[in-house]
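Work through the following exercises with the sequence and the model side by side. Each one sets a task and then gives a solution in steps.

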Amino acid sequence: MGGLTSISLAVNLAGLSIRSPVLNASGVLGMSAPLLKRVWDNGAGAVVTKSLGPQPRDGHRNPTLLEVDCGIINAMGLPNPGYEEFLNQIRELKEQKVVVVASFFASTIKEFAESARALTSSGADALELNLSCPNVEGEPGMCAADELSVEQVTHAVKSVSKIPLLVKLSPNVTDIALIAKAAERGGADAITSVNTLKAMAIDADFKRPILTNITGGLSGPALKPVALRCVWEISEEVKIPIVGCGGVSNWRDAVEFILAGASALEVGSALKSVGFGVFSDINSGIEKYLKNNEYKSVGEIVGLAHKG
Ligand code: DHB
């Protein structure tokens, strides 16, 4: 009787209603509707697509990914079929009642707006603006390092799309809270914190960088303390909700991010290390934590660590 039944994992994320606060991070398994459906069937609150661009892209040549101590470094180079090609996958997911967040990037304000419009009309429930890929210099890349660009792009997207907009920021900046405030000024509904941390690896025998792109983005457990600090700093400065991302591998990580100020989480590298079961594991861990600490909803503990 009673038990866990009175506890709710549901969250309203700036207008996006999700049954659980745990999502997949963009780029991990997001390339096809069937894979995203598996993420959903395993208990994710919503699924996030791979970042879609205005045109098809092959991405960088291999090697594009390697495992290092406590994490993964990747420089895929934003490979994707182009958003138009992907619209049917979104429609397919919507027919199956999956909550879909479409991640996208572009190079110009016009392209950002066109992509946002198309993705919205395909039925996506929310958009996630990837302003923070560390691996494509000069083009869609590191717009997230510039306050004005972040505000302008966010504003342009919000002008053409009314669905909730998550703006995903980069940890590779001096003051992430300033950038988050720029996104909030531009009309962002939520901040995703954070994308990968710029990193590299060198092979001592070959005496060369391992990745073709030389540098790549570090994710996984090594990123977690950095991502947690980013969520903390952002939550001190903005009012919009935060989606924590970066090294979330288990329920305890998830709870730490929520206490730091996140209303939801994205899981990336752990999908590789733990598998699809990571969503139900984190869901039941959060549920037990809430019960043991006599809370009834996730919302009650968001940002609690700031109040001590
Ligand atoms: C890539 C994109 C990202 O946003 C990221 O964090 C890491 C890698 C990429 O496709 O290269």
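Which residue in β14 does Met200 stand opposite? In this predicted model, the residue that stands opposite Met200 is Thr215 in β14.

**Exercise 1. Establish the order of the four-stranded sheet, strand by strand, and name its edges.**

Solution. Step one starts from the pair just met: β11 and β14 run antiparallel and are joined by four bridges.

Step two moves to the next neighbour, where β14 pairs with β6 in the antiparallel sense over three bridges, and within this pairing Asn74 stands opposite Gly217 in β14.

Step three adds β5, which pairs with β6 (residues 71–74), again in the antiparallel sense, over four bridges. Here Leu65 stands opposite Asn74, while Glu67 stands opposite Ile72.

Step four assembles these pairs into an open sheet of four strands with the order β5-β6-β14-β11 and antiparallel pairing. The edge strands are β5 (65–68) and β11 (197–200), each of which pairs on one side only, and the twist from one strand to the next averages 40°. As for burial, β14 is mostly covered, since four of its five residues are buried.

**Exercise 2. Describe the turn between β5 and β6, and then find a second residue, other than glycine, with a positive phi.**

Solution. Step one is to recall the usual case: most residues other than glycine have a negative phi, and most peptide bonds are trans.

Step two looks at the connection itself, where β5 and β6 form a hairpin with two residues between them. Cys70, which is found in the loop between these strands, has a positive phi of about 65° although it is not a glycine.

Step three turns to Ile214, whose phi is also positive, near 70°. Ile214 is placed in the loop between β13 (208–209) and β14 (215–219). With a relative accessible area of 43%, Ile214 counts as partly exposed, because that class lies between the limits of 20% for buried and 50% for exposed residues.

**Exercise 3. Locate two cis peptide bonds and state which loops they belong to.**

Solution. Step one finds a cis bond between Asn62 and Pro63, with omega about 0°; Pro63 lies in the loop between β4 (47–48) and β5.

Step two finds another, from Ser193 to Val194, with omega near 10°; Val194 lies in the loop between β10 (190–193) and β11.

**Exercise 4. Give the order of the eight-stranded sheet and explain what sets its edge strands apart.**

Solution. Step one reads the order of this open sheet as β3-β16-β15-β10-β9-β8-β7-β4, with parallel pairing.

Step two considers the ends: β3 (22–24) and β4 stand at the edges with a single partner strand each, so one side of each is left without a neighbour in the sheet.

Step three examines one edge in detail, where β3 pairs with β16 in the parallel sense over three bridges, and the bridge partner of Asn24 in β16 is Val267.

**Exercise 5. Characterise the largest pocket by its volume, its lining and the elements that contribute to that lining.**

Solution. Step one gives the volume, which is about 630 Å³. Of the 36 residues that line the largest pocket, the closest to its centre are Ser26, Gly27, Val28, Asn74 and Thr196.

Step two sorts the lining by class into 14 nonpolar, 17 polar and five charged residues.

Step three assigns parts of the lining to elements: β6, β8 (126–130), β16 (262–267) and α8 (269–273) each supply at least two residues, and α8 gives the most, with three.

**Exercise 6. Distinguish the largest nonpolar core from the second, separate one.**

Solution. Step one is a general expectation: in soluble globular proteins, nonpolar side chains tend to be buried together.

Step two identifies the largest nonpolar core, which has 88 residues; those with the most contacts inside it are Ile18, Leu119, Leu127, Leu129, Leu131, Val157 and Ile286. The largest share of this core, six residues, comes from helix α7 (residues 251–260).

Step three sets apart a second, separate core of seven residues, among them Leu66, Ile73, Ala75 and Leu218.

Key
Residues numbered from 1 in each chain as written. Predicted model: local features only at pLDDT ≥ 70, side-chain atom pairs only at ≥ 80, totals over all residues. Heavy atoms only, no water. Pairing = 2+ DSSP bridges. Axes fitted to C-alpha atoms, helices over the stretch in contact; angles between N-to-C directions. 1 Å grid on protein atoms, 1.4 Å probe; cavity = no way out; pocket = protein on both sides within 12 Å on 5 of 7 lines; lining within 4 Å. Points joined across faces, edges and corners; volume = space filled by probe spheres on them. Nonpolar A, V, L, I, M, F, W, Y, C, P; charged D, E, K, R; others polar. Core = buried A, V, L, I, M, F, W, Y, C linked by side-chain atoms within 4.5 Å. Buried < 20%, exposed > 50% of the residue type's maximum accessible area, 1.4 Å probe, protein only.
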